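Here is a friendly walk through a two-chain model, meant to be read with the viewer open. We begin at one residue pair and work outward from there.

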Amino acid sequence: MTRRRAERIALNTTGVLVFLVMIFPVYWMVSTAFKPGIDVQTFTPKWFPHPATLSNFTDAIHRPYFWQDVKNSVFVVCVVVALSAVLSFLAALALARFRFYGRKAFIVLIIAVQMVPLNALIIPLYIAFSNAPGGTQVNKLTGVVVAYLTFVLPFCIWTLRGFVMGIPQELEEAALVDGCSRFGAFVRILLPLVAPGLVATSIFAFIQAWNEYIIAYVFLSSPEKQTLTVWLANFTTNRGTAWGSLMAGATLTALPVVAFFVIVHRKIAFGLTAGGVKG
Amino acid sequence: MADVSFDRATRIYPGTEAPAVDALELEIPDGEFMVLVGPSGSGKTTALRMLAGLEEVDAGAVLIGGRDVTDLPAKERDVAMVFQNYALYPYLSVAANIGFPLKIAHVKKSERERRVREAAELLGLVDYLARKPGQLSGGQRQRVAMGRAIVREPSVFLMDEPLSNLDAKLRVQMRADIAALQDRLGTTTVYVTHDQAEAMTLGDRVAVMKDGRLQQCDEPRVLYERPVNTFVAGFIGSPAMNLCTLPCSNGAVSFGGSRIPVPAGNGEVVVGLRPESLELAGEGLPAEVQVVEELGADAYVFCASALGRLVARTEAKRAPARGERVALRPVAEEAHLFDAGGERVSGIDH
């Protein structure tokens, strides 16, 4: 056996081990969701859900406010993804293509915002939102949307700016000479080329908004206004935790993220600009 | 179709002192093929971009067809541009790339298809209309970029070093194609290049620029035969003209024993001699051959002499060997004379 081969086997083994460590909690969540109540907590762990049951799922779905909270989550996510895509595209254009006073400071500021720990901002945000002009934004989905955007946008802008800068400026100039307005050149020429970047940032925004817990928990007090992650916490009561149903609920909550990713990941086609210019 | 004029047009990039284009005055009549040539940083591309509307004009004016377009956006100038890097839209097919300006102008689909086809036929691209730019060779991409420019039938073509990314053989071929195309369409064309050979072969007239200033604008032959200063003299022609600074006395300078008359003044003059005006002779300026460039019928002989490095042209059959000692004799009546400031000394004509 050569040394090279030994190295490769060692690397592959490490890779598989890391994969197992990462995948195990997910597997445990899914398998627990299918276990009957008596098998959920045992002294000798049961590795496979046998016999399997769907009762945990029926229980989870029939808990109060499930469908209402699904709607809330979907609303929040859709608005956050759509707004973040539009706003970050425009902001990225401004930062990548225009020179204006304070541009560099703005870029640094965007990153600085990301450095502040989320938990430190919750109370100031709460106060600000409760005194918002035009009425309190606390216990409203719109308030949560705005709060999520503040955390999602910096990353999206920063990432998209990189994508925009990677697109040769001649393409827009060609469009300008060919008869486009400045904005027309952005939409017709740049937008299709930035699409992979928009997909990447949308995935990020989707995952952030869908999985976020703390802000939703603090801001949304009425059960009919909560999002799914907050709803999941309801499985833990003073009398204990319904693990089977909780895991079934968690599995259901995780599904849309996986589905979204599977649908859009094909669109992340890098090297889309190949052939446009020499190089 | 239209004439173009730069009226003391100036561009100063923000944050810089020296203008990139300094009070450029240039009149380009309708249908002319004008080439802007100069070394990098000479402002030739900036001048072209000012005409295209991609660069602001800080002072002066730019006119197309008598219309002041100085403050008009690019899309309202009715010009088409071919970029150095082609700038094709990568996700559009060749047909869609060529048809893009027509689509923006809301030309009907049937009409658009007809005109795209015409342009493709003219450029030999018919078989590639369905392909994406990424699937084409450099020469084909260049032709697509040309197609996108001609399909609109604009008043002016602008070309920014369109051939610089092609290999040498293709460049010569495309050069001929562009000349033929322009001749056929008769559209006013402004062409930017740093390659003086390209400028000389393509241009009806050639404008030589340096440091943002126009040095001389004239027909290629005139630039070659009567350069206004040492810069143009050295820039036009390959290999470059031999320029030697020599003291002048009694209305003449002495070049390796040969007398070259100077019309006026004393002091120093710059004598310019094209390689073909410098002969290998039995007696003259002694020099040592350093390099011999064989070009088939002719050979260029690069020599080291007391006046610096000099180039002479000779018949290939009679070319000396490297290291050989030769004597150089100028053809006095073909010498160009410049004053110490580099300006052509008036009063002598051949």
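B:Met81 stands opposite B:Leu158, a residue of strand β7(B). This is a predicted model, so local features are described here only where pLDDT is at least 70. The strand that carries B:Met81, β6(B), pairs with β7 (residues 156–160) of chain B in the parallel sense, over four bridges. Is β6(B) covered on one face or on both? On both: B:Val79 and B:Met81 are buried on one side, and B:Ala80 and B:Val82 are buried on the other.

The surroundings of B:Met81 reach across to the other chain. Leaving aside residues up to four places away in sequence, B:Met81 touches A:Ala174 and A:Val177 in chain A, together with B:Ala52, B:Ala149, B:Leu158 and B:Asp160 in chain B.

**Where the chains meet**

In total, 25 residues of chain B are in contact with 21 residues of chain A. On the chain B side, the elements that give two or more residues are β6 (79–82) and α2 (94–104). By class, that side has 19 nonpolar, four polar and two charged residues.

**The nonpolar core**

The largest nonpolar core has 152 residues. Those with the most contacts inside this core are B:Leu51, B:Met81, B:Leu158, B:Val190 and B:Val271, so the pair we started from belongs to that group. Which element gives the largest share of the core? That is helix α7 (residues 141–165) of chain A, with 12 residues. Within chain B, domain 1 (4–231) and domain 2 (240–339) both contribute residues, so the core lies between them. The C-alpha centres of these two domains of chain B are 38 Å apart. As a general point, nonpolar side chains tend to be buried together in soluble globular proteins.

**A covered helix in chain B**

B:Leu51 also leads us to helix α1 (residues 44–52) of chain B, where nine of nine residues are buried. The buried residues of α1(B) include B:Lys44 and B:Arg49 as well as B:Ala47, B:Leu48, B:Met50, B:Leu51 and B:Ala52. Just after α1(B) comes B:Gly53, which takes a positive phi of about 90 degrees.

**Chain A as a whole**

The secondary structure of chain A comes to 12 helices and two strands. Along the sequence, the pattern is α-α-α-α-α-α-α-α-α-α-α-β-β-α. A few overall values for chain A are gathered here.

| Property of chain A | Value |
|---|---|
| Radius of gyration | 24 Å |
| Radius of gyration of a compact globule of 279 residues | near 19 Å |
| C-alpha box along the principal axes | roughly 70 × 70 × 30 Å |
| Share of its 279 residues that count as buried | 30% |
| Of contacts between residues at least 6 apart in sequence, share joining residues at least 24 apart | 76% |

One example of residues far apart in sequence starts in helix α1 (residues 3–33) of chain A, where A:Trp28 lies. A:Trp28 and A:Met247 are 219 residues apart in sequence, and their C-alpha atoms are 8.8 Å apart in space. Why does A:Trp28 count as partly exposed? There are 13 other C-beta atoms within 10 Å of A:Trp28, while a residue needs 20 or more to be buried and 12 or fewer to be exposed, so A:Trp28 falls in between.

Note on methods
Residues are numbered from 1 along each chain as its sequence is written. Chains are lettered from A and ligands numbered from 1 in the order in which they are written. This is a predicted model: local features need pLDDT of at least 70, side-chain atom pairs count only at pLDDT 80 or more; totals for chains, interfaces and linings use all residues. Domain bounds come from an automatic or database domain assignment. A nonpolar core is a set of buried Ala, Val, Leu, Ile, Met, Phe, Trp, Tyr and Cys residues joined through C-beta atoms within 7 Å. Two residues are in contact if their C-beta atoms, placed from the backbone, lie within 7 Å. Ala, Val, Leu, Ile, Met, Phe, Trp, Tyr, Cys and Pro count as nonpolar, Asp, Glu, Lys and Arg as charged, and the others, Gly among them, as polar. The radius of gyration is taken over C-alpha atoms; the globule rule is 2.2 Å times the number of residues to the power 0.38. Two strands pair if DSSP finds at least two bridges between them.
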